[in-house]
Each structure stands twice: as C-alpha cells, then as structure tokens.
Amino acid sequence: MISQLLTYCTELLVLTLARGSLYALIAVGFALVFGAGRVLNLFHGGFFLLGSYLAFFYSGMALPLQDAPRMAMVTLLAAATVGGIGFVYFWAFLRRYVGRQIQLMVVGVVANLVTAQGFSAWYGTQAAYVAPIVPGTIQVGSAQVLRQQILIVCLAIVLFPALGWLLRHTRMGRAIQAVAQDARGARLVGIRPEAVLGTTVALAAMLAGLAGALAAPVLVVSPSLWTFALLKSFTIVILGGIGSLRGTLIASYALGAVEVVGISLVGEAWAELIAVVIAVVALALRPRGVVNEQA
Amino acid sequence: MSRPERVVLGLAVALAAVGVIAPASFLTDLVGAACVTGIFVLSWIVFCGPTRELSFGHSLFVGVSGYLGGLLQVRLAWNPWAALLAGGLAGAALGAGVASLTFRHRGLYFSMVTMALQLAFYRSLFLASSWLGGEEGIIGVRALAGSRMALYAISATALVVLSVAASRFLQSRTGLLLGATGQDESLARSLGADVPRLRLRGLALSGALAGLGGALAVLTQGQASAELASDLVSVRILLLAIAGGLWSLPGGLVSTFAFQSLQALLFGRVRYDALIYTGLLLGVVLIFPRGLVPGRPRWMKRVLSPPLPREGKGQEGETRGAVEAAAPRHVEGLALRGIEVRFGGVQALAGVSFELPRGEAVGVIGPNGAGKTTLLNVIAGHRRHDAGEIRWGGRSLGKLEAAARARLGVRKTHQQVISFPELTLEEHLAVARAAGSKGFGAAAADPELAQLLEACGGEAAALVPLGELPPAAARMAEVAMALAAPPELLLVDEPFAALSGREVDAVCAALLALQRRGVTMIVVEHRLHELFRLVSEVVVMDQGRVIARRPPEEVLRDPAVLAAYGVGEEKESA
C-alpha cells in the first residue's frame, strides 16, 4: 500500500519535472524580455517553432557525425540559428516599435502567423519527425518517460543555475537586471537599454530555439506549435510575475504539476484550459505576481 | 442623428441595394459573410476602443458561442433562432466572466490573459475532438433560413441593428465613463467611477455581440469549424478594428468591408492569398497608427451654455444638491482621530486629529514634507493609513476605496496635472457628472464655469482635446469638474500651482462659488495671499503633526508656526 503510494508520487514527480523543465526552458527567455523592456514579444512562440523545424531541417543534412553526437550537434545548431534570427528580428523590426504597444504586439503575432504559414507551405501540416539525442524510454510506475525528457530535466538542472550566475555576476547580466528595474536609471549610469534589450531578445530566442529543438522528438512538430509555446510562456509569466528567474522557475514547475494532476483528474483536453484559468485567478488574488520577489 | 448613425443608415441602404441588384448571388454570399465579420469587429471596438485594451482573444467569444449554438441545434435539435439567442447569452456570460477574472489586469496583462484563454480553448477543441469534431467541428447544423437570400437578409439586418446598439452604447453614460477610464483610470476613480463594474458591462456587451456573431456564422454556414475559434480570427478582428481607427465604429465598418472585398478579390487567384491579405492589413496598421478613419464618439454637440430649459433644470438640480449637503441627516462633518502614516522608516503623519464642520473651509499650510498632501490622500482614500479613524457625515471611511468615497461626496483634486488627454473640457465635465451620478448631459452654465472656460482659452479651447492644451488648462479642468458635479467635501491640493493672474482669479471664484453652495473644503496651498481669500481658518502642519489652527490674520504671528518655517524673529511674509 505504502509502496504503491510511493510509486504513484514518484510518477507524478517525474512527470512534473519533465513538463516543468521544458516549460521553464521555453518561458525563461520570454520572462527576461518582458522584464527587460516591458516588451511582450509575441514572436517568442515563433522562436520555439523555428527551433523545432530547424532541428528537423538540420537532421536531414549530411554531417560527419552519427547518432547522439549528431543529434546534439543538430540541436545546438538549431538553437544558435534561432538566436541569430532573434538578433536580426530585434534590430530589423522590434526595435522600431518599442514603446508603441499596439504595433509591437501586432508585429509579433503576425510574425508568428507568417512563420507558421511559411512552414505549412514548405512542408505541409503533417507532423515532422525528429530523432531524439538519446532514444528509448524508461518506466516510472505506470508511466513511460522518454529518455529525451530526462535529458531535458538534466539540462535544466545545469542550465538554470548557470543562467542565474550569468545574470548576477557578468556585466551583461547585471545590465539586464538594471534595465528591468529602471530603464531610465540604467541609461543614467551609461547602459544603453536598447542594446541590452537586443541581447536579451537574442538570448531568449536562443533558449526558445533550444527548447524547440529538444522538444521536437517529444512533441508532434506541426506549424501550430507556436501556440503551445506562447500559451505556456503566458501562463508562467502570469503566474510567476516578471523580472525574477526564480519566480519563472517556480511557476514553470507549478504549471507542470497542475497539468499533471489535471490530466489525471479531467483528462488531457481540459487540463491546459484549467491551468490557464488557475493562473489568471491566482494573479487576480495576488496582483504583484504569485511568486514575485521584486523589492 | 449622429455621425455613426448616418454611417449605419448609409450602410443599411447599401446592403439593401446589394440585395436588390444581385439577389441570391455570389455577391450576396460574400457581403453576408462580411456582415458577420463586421459584427466581430463591432464587438471588439465596443470594449477595446474606449478602454484602450488590446484583446487578442475575441475569437474565444466567437468560438464558444458558435460551438454552443451548433451543439444545441444538432445534438438537442433546438430551433436555430433559440440557438442564436443562446449563443449571444453565452457570449455575454463569458464576457462578464473574463471581466471578473481580469478585474485587476490592465494593458499587457489583459492582452496576455485574453490570448492565453483563447489559445487554451482552441487547443482544447482539438484534444476534445471526440465530441467537438476536431478541425471539421460540428457539421450538419440547420441554418436559420432555407434560402440564400433570406440568410443574406438576416446577416445584413443583424449587422445594422447591432451597429446601432454598439453606437448607442458608446455614446451612453457607461460608454463615456469607460472611455474616461481608458484615458486615466485613477482620475476616473477619484471622480467616483466604479471601474470594475464599467468594465464588466463593457466586456459583457462585447462578448454578447461577438457571441451573436459567432452563432450567426455557424447558423448561416451550417457548420461550426475550429477555425472560428482560432488565433487567426482573433488577429483579424484586432487588425480590422485598429486599421479602422481603434475607437471609431464607422472606421471599423469601413475597414471591414474594404478588406473583406480585397480578400474576396485575392481568394483563389494568387498563391498565399491569406498571407498577402494579412500583410496588407499589417501594413495599414503600421503606416496609419491612428487608423484609416480616425475618430471617436462625440458626446457633446455644443460648447457649454446649453439651451435654456436644460440650464434651468441643471441649476435647480444643483441648488438641491447644496440643500442636500446641508440636510440634517448629514449634520456631522469631517472628523479625524489619530491618523498615522508611515513610509518605511519615515513617519509622514504622526497622529493627526481635527474636526471640520460642514460648510466650512480650512487651509492647510506647512513646510515641504509636513504631510499636507499625504493627509488629503488619506482622507480621499488614495493612500491607506496605518492607524486612526476618518469619519465623514457620521460614517467611517477607513475601509472604502477612493471611488467609493467619491460616490459618498468626498473628492480630491490632484497636485500633479492629470486629465483625460483625448477628451475635451466639456467631456471632462460630462464625465464628472456621469461618475457622480448627477445625471448625464451638459453642465449648467454658471458664471464661474464660464470664467474658468474663458481662462482656459474660450470656446475654441473647449472643443480641443485637453492633452493638446497647456497644463494649466488641465488644472483648471479639475476645478471645473468639481463645479459641474459638486462634491460634499472637496480636498484641493495646490490649486494655483503654475497658474497666472487671470487663471488664479477664475479658480478662486470657482472655489468660492462652491463654498456658497455648501461644499466643505480643505485647501493645501503655498501661495498664502490667495489661500487667505478662500478660507476662514488655517491649519499649520509640521513633521506630520498639526501645530496650530488659527484664523488667517493671526496665523503668521504664531511663534510655533514661524519656528516651523525656520523664521526666528517675527517677520512679515506673504
């Protein structure tokens, strides 16, 4: 009896970690950009989509590598390319509309639609298959977990402390935090908010691209995938507040937990919708963000 | 007939003409579909125009109502008209639900929440495909009518009728107040506007319109497809409304018909027609940020001085207001007991107590940082106090928020210059009257109001959005709003700051006129000469305490007062 309960709890925990780590990877960049410039970058979903499709595209290329190193290479290439796309996207489009919310959001959402329609014109709406870096599954209780998902969890455990260190201890990281707290004040001490925002968008794009490439073997890659990434980012930012890495991480795993429990109670179809409503209600009750720690 | 209504009349004639010229043709099908899109755009403008929110989730209302209408018809064999009605009601309920979920979310958060709800619903449609039919949706819905022509007539009529309803709403008291909250929410609240309730009404109407449109789409096409609830529809609604002019119903209708005919031209003739269509729409939004037909509802048709009969009524109403203010059930005035406010380690107010009988006017002076503005903010409810009690008319105000206190007659003007930048002076007065439930319409033309208007720059200035006038005009507008809808207790924070001679005279005259009407008043002001014309007593504050309370002629001889200002020996000032 106790061992059954223990297995069940382990199962929930592993599933939560698997979901939460992916969500955190998706949302952390979105939250950073939102914090750094109060910029709602709706094209973030497009970054994720690009990551998935580029992984698919690169995995068809001739590389002098095989199996795991090959797919790892493909993943990194995809992330780097999306980072570059984010950089160009910022300096070519986004920069013009900072401070003009309507245009900013409209450009972002239209960019998503164009990207999605572009991919469906290029490859069609059928699912694109991408090989995982580590194939196979492991059994946790009654649930099957892909090894790729475990890889994402391990990566998150390494990546987020490193990101936290970068934000606290490097010049760029401190500049990002300074702009997040007060753009005008940052300008007074010699930081160019625009340059910082540009770097943040590129970093966010890279992380989202990485998430997209890593998740490609786990999810069904189709042109509408950007809605998935954007929806998770929204829910996490609504739940976690802005401007703090810790808030984003806590919110990501909380969302993972809510969904895992929700799926076991009401099924896959409505768990997502219920998670969004819970996030919105939570923010209404705690207007400064549920886990906000900004002083 | 107002401009939007003339446009709607023109639209009705044009739609009828299309029906007569090409009955039951490809053209009527097309225009009928454009009419349904027009209803979606109306629904967006009704809420997002005045509030300046960007909803990315209107296809949620469209989709939920469309699916509900379709399900009710197919599964339960409802009459299509009943299903249409149910769709509208469901949209209204959903709108009210979203409004109550988002009662604290503004701006970016509102956009995020609406989009998140829409995306989540859209994704659920596919996951619950076993009974919602996935991509294909619900098919075999019985249409509202048998013939193409009848369906066209229904869509066209629906658009015309709902346009009139939307236009009426925007020009109503609620529409005006909603527009004011979109311009400056804190000013609207301090005038007594009940913002959550206004937003609830606005979004419920918006949801009802979108829901009717969604159900209409399903009950004319005979199918509820997933596309109806998609982000694409949300974005199109938003782009069409912004391209039209954000807050302008005629603009929304013009852009809908222009772009829907463009889409019909493109459809099937070029590759990527959807991309080109969306790209063109995006281009218009980026190149014309104010839309193709910029404009907004006009509430006022004339400048101040309304026609005579109304003037008589207005003044009668106001004298009654004054009598009410002095009525015996409210004999108690303002009573403060031991008010304390701390900002971190700073004690801004250290136990302030004083009483002010009804109809009296008292000035508050003191060095910078004495706590004068904090005191007014605490009384008006803009800031919470840490200890003590505030009573007005025998009622404890402590737990009420600013808007609720304003509705009880306690109102404050602001130290910093704030206004509703896109509204004219006259519209400001209308907002003040509407927010204070003093009726809706032009303010009474009294001489002090005329003097204030003159100081702002005359009748020409009254027609200009206040954001385009100098800051002094916004300051005078706050006093003018108090005249147009007199509160019972007016807290005036530095009314003369940055005003020059004639403007000061106009504000003084207005404040004195308010006193004659029985308004109780606390005035914080550094310009003592002008202050002493207004008040019978002066309260002196220093370091969060009241240190003296004397008539104006004696106050500057009080040694404690002089010490607070750092003047050792008696020395005349002012």
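**Close-up 1. The buried side of helix 13 of chain B.** In this predicted model, helix 13 of chain B holds the buried residues Tyr277(B), Thr278(B), Leu281(B), Leu282(B), Val284(B) and Val285(B). These residues lie on the same side of helix 13 of chain B, because they cover an arc of only 160 degrees around the axis. It helps to recall that an α-helix has 3.6 residues a turn, so residues three or four places apart point the same way. Turn to the face directed away from the buried side, and you will find the exposed residues Gly283(B) and Ile287(B).

**Close-up 2. The surroundings and the span of helix 13 of chain B.** What do the buried residues of helix 13 of chain B pack against? Their partners come from both chains: helix 4 (101–123) of chain A, along with helix 11 and helix 12 (249–266) of chain B. The span of helix 13 of chain B can be checked too: with 15 residues at 1.5 Å a residue, 21 Å is expected, and the end C-alpha atoms are 21 Å apart, so the two agree.

**Close-up 3. Where chain B touches chain A.** Here 34 residues from chain B meet 30 residues from chain A. On the chain B side, helix 5 (107–127), helix 11 (231–244) and helix 13 (273–287) each supply at least two residues. Which helix of chain B gives the most to this side? That is helix 5 of chain B, with 13 residues. Sorted by class, the side of chain B that touches chain A has 26 nonpolar, 5 polar and 3 charged residues.

**Close-up 4. The largest nonpolar core and another one.** The largest nonpolar core has 197 residues, and Ile39(B) and Ala116(B) touch the most other members. Helix 1 (residues 2–37) of chain A gives the most to this core, with 16 residues. Now look at Ala116(B): leaving aside neighbours within four places in sequence, Ala116(B) is in contact with Leu231(A), Phe234(A), Thr235(A), Ile238(A) and Val276(A). Apart from the largest core lies another core, of 91 residues, including Leu198(B), Leu349(B), Ala406(B) and Leu489(B).

**Close-up 5. A hairpin in chain B.** Strand 11 (residues 537–542) and strand 12 (residues 545–550) of chain B run antiparallel and are joined by 5 bridges. To follow the pairing, start at Val540(B), whose bridge partner in strand 12 of chain B is Ala548(B). The hairpin has 2 residues between the strands, and Gln543(B) takes a positive phi near 50 degrees.

Key: Residues numbered from 1 in each chain as written. Chains lettered and ligands numbered in written order. Predicted model: local features only at pLDDT ≥ 70, side-chain atom pairs only at ≥ 80, totals over all residues. Contact = placed C-beta atoms within 7 Å. Helix = DSSP H or I, 4+ residues; strand = E, 2+ residues; numbered from the N terminus. Nonpolar A, V, L, I, M, F, W, Y, C, P; charged D, E, K, R; others polar. Expected span 1.5 Å × (residues − 1). Buried ≥ 20, exposed ≤ 12 C-beta atoms within 10 Å, placed from the backbone. Arc of directions from axis to C-beta. Pairing = 2+ DSSP bridges. Core = buried A, V, L, I, M, F, W, Y, C linked by C-beta atoms within 7 Å.
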